[in-house]
Amino acid sequence: MQLSSNSGQPEVPSVPLVDLRRGDAAVLDHIDLPGDDARRLMELGFLPGTTITAGLSAPGGDPRVFQVDGSEIALRRETARRMMVRKPKSAKTPRIS
Amino acid sequence: MSECADCHGCGSPAVLEFPRNAQAPKAVAVIGPPNSGKTTLFNRLTGLRQKVANFPGVTVEQHTGILELPDGRALQIIDLPGVYSLNPRSEDEQVAHDVLTGKRTDTPRPEAVLLVLDSTNLGRHLMLAAPILALGLPTLIILNMADDLRNRGGKLDLAALSKELGSPVALVSARGGEGVDKVFEFLAGVMAKPAPRELPILQDVPKCRAWAGRVSGQASYRAPIPPKWTRRLDSVFLHPIAGPLVFLVVVIAVFQTIFSIADPSKKAVEWLINLSGHWLAAALPEGLLKSLLIEGVWEGVGSVIVFLPQVLLLFLFIGILEDSGYLARAALIADRTMAKVGLQGKSFIPLLSAYACAVPAIMSTRTIENKRDRFATILIAPFMTCSARFPVYALIVAAFIPERQVLGSLLSQRTMAMLGLYVLGFVAAVVTARVLKSSILKSGRTPFLLEMPSYRWPTVQSLGLRLLDRSKVFLRRAGTIILLVTVILWISMNVPYVHGKPPAPESSLAGTIGRTLEPAIKPLGFNWKIGIGLITALAARETIIATLGTIYGMDPKTQELGLQNALHHDLTPGGAFALLVFFAFAMQCISTIAVVRRETGGWKWPILQFTYMSVLAYAGAFVANHLIH
């Protein structure tokens, strides 16, 4: 399933959603999961081009709650690892975790 | 490019009129995304009391109710499980899909639709409007939670939205009742209808979302500000240290309350039962009838009823957890533990509700998309300490463990023992899940997706109704199954009836059966009386209390002691511990066996489950009895 947002902005390297820290926001680029799973994620608001904000998590950082399209959805790390996001240019210098 | 590039022969037909004065009740389906308040609306329309709570996936099967319109016509309202789209992924979504498309033989095909959307998140929820309107049925779009929308500063132009969708729209608060008159107007067919509009058929999600965004933009939808209190509460409940700690403290406090504050209320019920028993005993002539009523019914069924206040307190706590929205957070926190045993956080919600009763818990596994995960959850759910085990535990713990304080006055030994039993059940469940998921139910992983609902105050009315319903269930069980078993027991305690005298308890029919069984349960530290109790507990767990109440009440040696004392004298501490362990592990519940058979579609799983749990119960009790020796 090819689902990229082809916005005209200059290339910012995409990172997995799982790398976002609490309070970070980024724009979803594509979902690297089988069609069915990707579809359900999209029905819940995880659409390419949508801004996702990382929220609180269970102890240990997994799963984490993400704010997307007006709702709060919890995802496991294994799922968030397969979802690629681009941080907006204005974001602080990339942190390595 | 216009939106009709991907719409072929699209559009909803002209809004249909309901046939007036039709004979048969017309069916109307209530559909919408999970946790949008469909069942709350359904209950308001039909006057029924289906279970509602604040987390996604409470309703897992269709319910029907009758609504009577002011002009006397009756409509059949069908409440459906929540769906995100018309592409079902789990069992509950499949049910909704099949009813809506007329594929189920047990439910009439709906002729109109009430589409319930959460008005505080219209952009995303409107996505469901596209496939629903494409069904071509007359549809009322209900924007629910109007009070929330207003309080948090959101708004929209209803007329514009209605025009965009070509269907009537109503802003409703199903909880408060605001706007429900509009629903009646629609159902009566007297609502003004907007001009029908061609709608695109959108198969792919991004296009659907773009359409929903455009429509809500046309309706000048202003999204409400995020719920402040939800964020604040989450920063405590989802705090890495404070979160789990708060949960633990609350659970301990609840148990402590059940034992301390509920005790006087239990005494009061006990006093009432004793008083009425004495009064009845005085009014009745000596004879069999008196023996049946006093020793059978009063001593037997009465000893179960005294636990009603404590069970209600437990349900009050579960009700607050479910209605407030905390349950979804608990599932989140538990997800890691569940992942270790091969399950996911979604399995945790049925497991938590199994603390009330395994039957609805097993039904609620329908929200789990992965079939093997779902079966594993069904198989472990009966290990969770259900409310029928509670009175059994409470009785034995009170009879054998002295009321002594640990940690100052914070915790009593009895509370600790009760908590220990709850933990024991949970551990058995988790270990079993681990075994199942690494052997016969091994499966690939389905992503864990769980929507976090906003916190809400549980209303006094909703909690009150739950408690009322629970009281009815509890008393109905006491008055039917338990009463019946107790009467049968009383009869078999009086057989053979010779020379106008009942036999000695151990030589009665029941005694003979019990003593035949005794060698098998002796290693567990149980005597024949407990053996009879184990047999009757197969009907329902708490029946053992009624059984022992009757047996001790009929035995001249223990007649005057009262159930708790009689039990204390009749069992060794090892036997008591073994009995607790036996009840923690055994699957003594006919309703659970029946629901497992239905949900798994055959006898294979329930037989396996019953055998496994019985063997585990026997082995566990054997070990327990020898540990204390």
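Ile31 of chain A stands opposite Met83(A), in strand 6 of chain A. This is a predicted model, so keep that in mind throughout. The pair belongs to a longer match. Strand 2, residues 25–31, and strand 6, residues 83–86, both of chain A, run antiparallel and are joined by four bridges.

Now the whole sheet. It is open, with seven strands, and the pairing is antiparallel. The order is 1(A)-6(A)-2(A)-3(A)-4(A)-5(A)-9(B). Note the last entry: strand 9 comes from chain B. What stands at the edges of the sheet? Strand 1 of chain A, residues 15–16, and strand 9 of chain B. Each has a single partner strand, so one side of each is left without a neighbour in the sheet.

Look at the join between chains. Strand 5 of chain A, residues 71–75, pairs with strand 9 of chain B over three bridges, in the antiparallel sense. Ile73(A) stands opposite Glu451(B) there.

Next, the chain contact as a whole. Chain B gives 28 residues and chain A gives 27. On the chain B side, several elements supply at least two residues each. Among them are helix 3 (122–125), helix 8 (205–218), helix 10 (242–260) and strand 9 (449–451). Which helix of chain B gives the largest share? Helix 14, with four residues. By class, this side of chain B has 14 nonpolar, seven polar and seven charged residues.

Over to a helix pair within chain B. Helix 25, residues 573–585, and helix 27 have axes that come within 7 Å and cross at roughly 160°. That makes helix 25 of chain B roughly antiparallel to helix 27 of chain B. The crossing is right-handed. On helix 25, the contact residues include Phe577(B), Val581(B) and Phe585(B). On helix 27, they include Met613(B), Gly620(B) and Ala624(B). The residues of this contact divide into 12 nonpolar, four polar and no charged.

Helix 27 of chain B comes up once more, with helix 17. Is helix 17 of chain B, residues 371–380, mostly covered or mostly uncovered? Mostly covered: eight of its 10 residues are buried. Asp373(B) and Arg374(B) are buried, and so is the run Phe375(B), Ala376(B), Thr377(B), Ile378(B), Leu379(B) and Ile380(B). What do these buried residues pack against? Helix 15 (345–353), helix 16 (358–363), helix 19 (413–437), helix 26 (590–600) and helix 27 (604–628), in chain B.

Note on methods. Residues are numbered from 1 along each chain as its sequence is written. Chains are lettered from A and ligands numbered from 1 in the order in which they are written. This is a predicted model: local features need pLDDT of at least 70, side-chain atom pairs count only at pLDDT 80 or more; totals for chains, interfaces and linings use all residues. A residue is buried if 20 or more other C-beta atoms lie within 10 Å of its own, exposed if 12 or fewer, and partly exposed in between; C-beta atoms are placed from the backbone. Two residues are in contact if their C-beta atoms, placed from the backbone, lie within 7 Å. Ala, Val, Leu, Ile, Met, Phe, Trp, Tyr, Cys and Pro count as nonpolar, Asp, Glu, Lys and Arg as charged, and the others, Gly among them, as polar. Two strands pair if DSSP finds at least two bridges between them. Axes are lines fitted to C-alpha atoms, for helices over the stretch in contact, and angles run from 0 to 180 degrees between N-to-C directions. Angles under 35 degrees count as roughly parallel, over 145 as roughly antiparallel, 65 to 115 as roughly perpendicular and the rest as oblique. A crossing is left-handed if the near helix is turned anticlockwise from the far one by less than a right angle, and right-handed if clockwise.
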